[in-house]
Amino acid sequence: MPASRDPARAVRDAVDAFTLRRDGDTWVGAMPANVWGPVVFGGFVIAHAAWAATRDAPDNRRLHSLHAYFLRPIIGGKAITYRVSTLREGRTLASRRLDASQDGKLALSMLCSFGTDSDGYDYQPRMPANLPDPADLPAESMGPWLCAVIGPTDPDEGGQHRSTHRMWFRTAASLPDDEHLAAAFTAMATDMTWKGARPLHLHGDTRGIVSIDHAVWFHRPMRPDQWCYYDVHALVNAGGRSLVRGEMFSADGQLCVSVVQETLLARYEDAPPRQGR
């Protein structure tokens, strides 16, 4: 995702890019052009799809999980059509399937679930201690985002990293007070795993890392226009694929989001540059 000369404008543009219109039993929108290169950043695609899925969200329920498969590259500047179908409308949970098509070809398929929050047992791991304050780190503009990158943890005696990517992030301007929009922007940020999928080449770039599927659990609502902490850990590189796990915390230490992402992993030295992050 390229840097923006006006990050606040980039936030407004991203919000505007979520505009959808009803067309029969589908929703139709457009992928932004000349923002993330010819192939649209996967995080924006996930966010756009999540926004489409919430257009007919059940009353008083929020998006609490999604699992998406990238089937084809999605090209900027072209229309995209979403067909959302109801799988189950339960008293506690509601399940949806979303299929996104571009140029008449299926490009993304996503399952998602909506639910209400209730009182119950609360447990979570603690946010790592002694993290640098985002105000003390240089903030890099990445499209609508400000990212204060901490980097991986130091390797242990066996060369293993507990975390392969760590950063604080937030949008460069405030977002409207809409829980579905906040969830969509949060979903966008979950794909900013950067170099975390390739722990043996953390000194390099993101060449050869292409998302296959992406799962997100929204444990608690999170405001992505306030500083949030993202901790990514590469679990395994095998069979030409990588699996990473991520956790997103609010600044007050609440674990709000969990992420699991699988990517194709081409040989680093042979791979073409990846579009976006």
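**Strand pairing, helix 2 and selected residues in the predicted model**

Strand 4 and strand 5 (residues 93–102) are paired in the antiparallel sense through eight bridges. The model described here is predicted. Within this pair, Val-84 lies opposite Leu-98 of strand 5. The two strands, 4 and 5, make up a hairpin in which three residues intervene. Strand 4 is also joined to strand 2 (residues 26–30), with which it runs antiparallel, by four bridges. Here Trp-27 has Tyr-82 in strand 4 as its bridge partner.

Strand 3 is likewise joined to two strands, strand 6 and strand 10. Its pairing with strand 6 (residues 105–115) is antiparallel and comprises eight bridges; Leu-63 has Phe-114 of strand 6 as its bridge partner. The pairing of strand 3 with strand 10 (residues 209–218) is also antiparallel and comprises five bridges. Ser-65 is placed opposite Trp-217 of strand 10.

Tyr-69 belongs to strand 3 and has a relative accessible area of 41%. Buried residues lie under 20% and exposed residues over 50%, so Tyr-69 is classed as partly exposed. Together with Leu-71 and Leu-106, Tyr-69 makes a nonpolar surface patch of about 260 Å².

Ile-75 is located in the loop between strand 3 (62–70) and strand 4 (79–89). With a relative accessible area of 28%, Ile-75 is also partly exposed, because this value falls between the limits of 20% and 50%. When neighbours within four places in sequence are set aside, the contacts of Ile-75 are with Met-31, Pro-38, Val-39, Val-40 and Gln-102. The C-alpha atom of Ile-75 is separated by 18 Å from that of Ile-209, a residue 134 positions away along the chain.

Helix 2 consists of 12 residues (residues 42–53). At 1.5 Å a residue, a span of 16 Å is expected for helix 2, and its end C-alpha atoms are 16 Å apart, in agreement with that value. Of the 12 residues in helix 2, 12 are buried, and the helix is therefore largely enclosed by the rest of the structure. The buried residues of helix 2 include the glycines Gly-42 and Gly-43, the aromatic residues Phe-44 and Trp-51, and His-48. Val-45 and Ile-46 are buried as well, as are Ala-47, Ala-49, Ala-50, Ala-52 and Ala-53.

Note on methods: Residues are numbered from 1 along each chain as its sequence is written. This is a predicted model: local features need pLDDT of at least 70, side-chain atom pairs count only at pLDDT 80 or more; totals for chains, interfaces and linings use all residues. Side-chain values use heavy atoms; hydrogens and water are left out. Buried means under 20% relative accessible area, exposed over 50%, partly exposed in between (1.4 Å probe, protein chains only). Contact means heavy atoms within 4.5 Å. Patches are made of residues with over 30% relative accessible area and no salt bridge: like charges are joined within 9 Å, nonpolar side chains (Val, Leu, Ile, Met, Phe, Trp, Tyr) within 5 Å. Accessible areas come from the Shrake-Rupley method with a 1.4 Å probe; for residues, only the protein chains shown count as cover. A salt bridge is a side-chain nitrogen of Lys or Arg within 4 Å of a carboxyl oxygen of Asp or Glu. The expected span of a helix is 1.5 Å times one less than its number of residues. Two strands pair if DSSP finds at least two bridges between them.
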